[in-house]
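Open the model in your viewer and keep the sequence panel handy. We'll go from the whole chain down to single residues, one selection at a time.

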Amino acid sequence: MQNAMNASQTLAELSQQTSSADAWLMAAYEELTAHGVGAVKIMPLAKKLGVSRTSFYWYFKDREALLEAMIRHWEDKNTSNLVARTEAYAENLFEAVFNLFDCWLDPDLFDSRLDLAIRNWARSDPSLQARLDLADARRKRAMTDMLIRYGYDPEDAEIRALTMIYTQIGYISMQVHEDAAQRLARMPGYMEVFTGQKPAQKDIDRFMARHR
């Protein structure tokens, strides 16, 4: 699954591996993110991959198993990676929050297209909505705890965490497209808005260096 969603791999490359589970997952991912969950169907995916429909069952019990694999991938990649970034080593508040900002800049850490697709899908699937609610609560808790560790009181930390979450969800939902350099340049300003403090130039330089 991890290989299926690697930004450096294409569906054509994966389909050359005959009908691997990764190829099916990548095909499903493309349909889900482009057209919604209703487009994720076995026969159209088989045609897209250039393989027989029956080969699907070597890897998945049924369509529901394929969808479950996609949801688990979203949970692991987006939520688990975000939580890990809030827990990564940091010398100070600014490095800690910049570690979190990596998720908004690195598609290998956080897949915005998939997050939007899952949120759209959850509107018509109560069980998925429940899992989405749990994921959002986990993200909020992790971000809140991160801020508490750097001196914010719990209520203030939660408000700041929610501000970051709502900003990012809005950014994803609006499908904002901006120049990568411009977005990176705005990160120190976002830092000041979200934390109420201005980062030191050394913290900015360290963050910028790993994204240029």
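A word you'll need on this tour: two residues are in contact, or touch, when they have heavy atoms within 4.5 Å. Also keep in mind that this is a predicted model.

**Stop 1: the whole chain**

Show the protein chain as a cartoon. You'll find 10 helices and zero strands, so the pattern along the sequence reads α-α-α-α-α-α-α-α-α-α. The C-alpha atoms fill a box of roughly 60 × 35 × 30 Å along the principal axes.

Now switch on a surface. The accessible surface of the protein chain is about 11000 Å², and carbon and sulfur atoms account for 52% of that. Of the 212 residues, 44% are buried. If you colour by charge, there are 26 positive and 30 negative side chains to look for, and the centres of those two sets lie 3 Å apart. As for contacts between residues at least 6 apart in sequence, 62% join residues at least 24 apart.

**Stop 2: the two domains**

Select 1-60 and give it one colour: that's domain 1. Then pick 69-210 for domain 2. Their centres, taken over C-alpha atoms, are separated by 28 Å. The contact between them takes 11 residues from domain 1 and 10 residues from domain 2. Between domain 1 and domain 2, about 990 Å² is buried, with 71% of that area coming from carbon and sulfur atoms.

**Stop 3: Phe110**

Next, select Phe110, in the loop between helix 5 (93-105) and helix 6 (112-122). Is Phe110 buried or exposed? Its relative accessibility is 3%, and the cut-off for buried is under 20%, so Phe110 counts as buried.

Show side chains around Phe110 to see what covers it. Beyond its neighbours within four places in sequence, Phe110 is in contact with Lys77, Asn78, Leu82, Cys103, Trp104, Asp115, Arg139 and Ile172. For a distance check, draw a line from the C-alpha of Phe110 to that of Asp62: the two are 48 residues apart in sequence and 27 Å apart in space.

**Stop 4: Gln168**

Keep Trp104 on screen, since it's among the contacts of Phe110, and add Gln168. Gln168 sits in helix 8 (residues 154-173). Leaving out residues up to four places away in sequence, Gln168 touches Trp104, Ser112 and Arg183. Gln168 has a relative accessible area of 6%, so it is buried.

**Stop 5: Gln175**

Move along to Gln175, in the loop between helix 8 and helix 9 (180-195). Look at the backbone here. Most residues other than glycine have a negative phi. Gln175 isn't a glycine, yet its phi is positive, at about 50°.

**Stop 6: Lys140**

Last selection: Lys140, in helix 7 (residues 126-149). What does Lys140 touch, not counting residues up to four places away in sequence? Show Glu158, Ala161, Leu162 and Ile165, and you have the list.

How accessible is Lys140? Its relative accessible area is 26%, which falls between the 20% and 50% cut-offs, so Lys140 is partly exposed. To finish, draw one more C-alpha to C-alpha line, from Lys140 to Val97: they are 43 residues apart in sequence and 13 Å apart in space.

Note on methods. Residues numbered from 1 in each chain as written. Predicted model: local features only at pLDDT ≥ 70, side-chain atom pairs only at ≥ 80, totals over all residues. Heavy atoms only, no water. Helix = DSSP H or I, 4+ residues; strand = E, 2+ residues; numbered from the N terminus. Buried < 20%, exposed > 50% of the residue type's maximum accessible area, 1.4 Å probe, protein only. Areas by Shrake-Rupley, 256 points an atom, 1.4 Å probe, with all protein chains shown as cover. Lys, Arg positive; Asp, Glu negative; His and termini not counted. Charge placed at Lys NZ, Arg CZ, Asp CG, Glu CD. Domains from an automatic or database assignment. Buried area = accessible area lost by both parts, 1.4 Å probe.
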